[in-house]
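Got your viewer open? Let's take a walk through this model together, one selection at a time.

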Amino acid sequence: MIIVMSEQDLAETWRRIIRGDNKSWVVFAHGTCVVLPDPGPSVDLAAQAVDTLREYGPVYAGSPAGDFGTITLDPGPGWVVYGHHNDVLTYVGPDEISDSNDLAVGLYGRSKRNQDGHELDVVHVEDKRPR
């Protein structure tokens, strides 16, 4: 079962995780974040993130889309699961999973990314472009 965090909690979590004040990013309903490091001034951030996640979110076993790695957050709590696109990351909180080994965390995070990659439900846009 995938636990869904509130939109506000997801935004606060990603503000804590993402390093660099100049990166715009978009969060999806199940905790996947697409970082948009240098979008143009007229770019629709949500639309660009949806396009990226539509391509790089769904999991296809036996392909690069099934690969993942984990990062233990320091300071924590939780983990970030990454995959075959450097700017597509998924947060896994300690209350979401009982087994905290890398394989269990990675599989769970990958399943959240897959769900976000199919549903494409944007819940927060953080626009850090210069004004």
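What do the buried residues of H1 pack against? They pack against E1, E2, E4, E5 and E6. Keep in mind as you look that this is a predicted model.

**Stop 1: helix H1**

Select residues 7-17, which make up helix H1. Now pick out its buried residues: Leu10, Ala11, Thr13, Trp14 and Ile17. Turn the view until you are looking down the axis of H1; the buried residues fall within an arc of 165°, so they line one face of the helix. Here is a general point that helps: an α-helix has 3.6 residues a turn, so residues three or four places apart point the same way.

**Stop 2: the nonpolar cores**

Next, show the side chains of Trp14, Ile17, Ile18, Trp25, Val27, Cys33 and Val80. These are the residues with the most contacts inside the largest nonpolar core, which has 14 residues. Helix H1, strand E1 (24-28), strand E2 (32-36) and strand E5 (88-92) each give two or more residues to this core. H1 supplies the largest share, three residues. Apart from this core lies another one, of 10 residues; Phe28, Leu36, Leu45 and Val88 are among them. In soluble globular proteins, nonpolar side chains tend to be buried together.

Which residues does valine 80 touch, not counting those up to four places away in sequence? Select Trp14, Ile17, Gly69, Thr70, Ile71, Leu73, Leu89 and Thr90 to see them.

**Stop 3: the sheet**

Switch to a cartoon view and follow the six strands of the open sheet, in the order E3-E4-E5-E2-E1-E6. The pairing is antiparallel. Strand E3 (69-72) and strand E6 (122-126) stand at the edges with a single partner strand each, so one side of each has no neighbour in the sheet. From one strand to the next, the twist averages 25°.

Zoom in on E2 and E5, which run antiparallel and are joined by three bridges. Highlight valine 34 and you'll find valine 88 of E5 standing opposite.

**Stop 4: the E3 and E4 hairpin**

Move on to E3 and E4, which pair in the antiparallel sense over four bridges. Glycine 69 stands opposite tyrosine 82 in E4.

Which residue of strand E3 should you click on here? Try isoleucine 71, which lies in that strand. Isoleucine 71 is partly exposed, with a relative accessible area of 43%. Leaving aside neighbours within four places in sequence, isoleucine 71 is in contact with Gly78, Trp79, Val80 and Tyr82. Draw a distance from its C-alpha atom to that of leucine 89, 18 residues apart along the chain, and you should get 10 Å.

Now look at the six residues between the two strands of the hairpin. Glycine 78 takes a positive phi near 105° here. Proline 75 sits in the loop between E3 and E4, and the peptide bond leading to it from aspartate 74 is cis, with omega near 5°. Proline 77 lies in the loop between E3 and E4 too, where a cis peptide bond joins it to glycine 76, with omega about 10°. For background, most residues other than glycine have a negative phi, and most peptide bonds are trans.

**Stop 5: helix H3**

Select residues 102-119 to bring up helix H3, which lies across E1, E2, E3, strand E4 (79-82) and E5. H3 runs at about 120° to E5. At 1.5 Å a residue, its 18 residues should span 26 Å, and the end C-alpha atoms are 25 Å apart, which agrees.

The buried residues of H3 are Val105, Gly106, Tyr108, Gly109, Lys112, Arg113, Asp116 and Gly117. What covers them? The cover includes E1, E2, helix H2 (45-56), E3, E4 and E5.

Still in helix H3, click on glutamine 115, which is partly exposed with a relative accessible area of 26%. Its C-alpha atom is separated by 7.3 Å from that of histidine 30, although the two are 85 residues apart along the chain.

**Last stop: leucine 120**

Finish in the loop between H3 and E6, where you'll find leucine 120. Leucine 120 has a positive phi of about 55° although it is not a glycine.

Definitions and conventions:
Residues are numbered from 1 along each chain as its sequence is written. This is a predicted model: local features need pLDDT of at least 70, side-chain atom pairs count only at pLDDT 80 or more; totals for chains, interfaces and linings use all residues. Side-chain values use heavy atoms; hydrogens and water are left out. A nonpolar core is a set of buried Ala, Val, Leu, Ile, Met, Phe, Trp, Tyr and Cys residues joined through side-chain atoms within 4.5 Å. Buried means under 20% relative accessible area, exposed over 50%, partly exposed in between (1.4 Å probe, protein chains only). Contact means heavy atoms within 4.5 Å. Two strands pair if DSSP finds at least two bridges between them. Axes are lines fitted to C-alpha atoms, for helices over the stretch in contact, and angles run from 0 to 180 degrees between N-to-C directions. The arc is that of the directions from the helix axis to the C-beta atoms. The expected span of a helix is 1.5 Å times one less than its number of residues.
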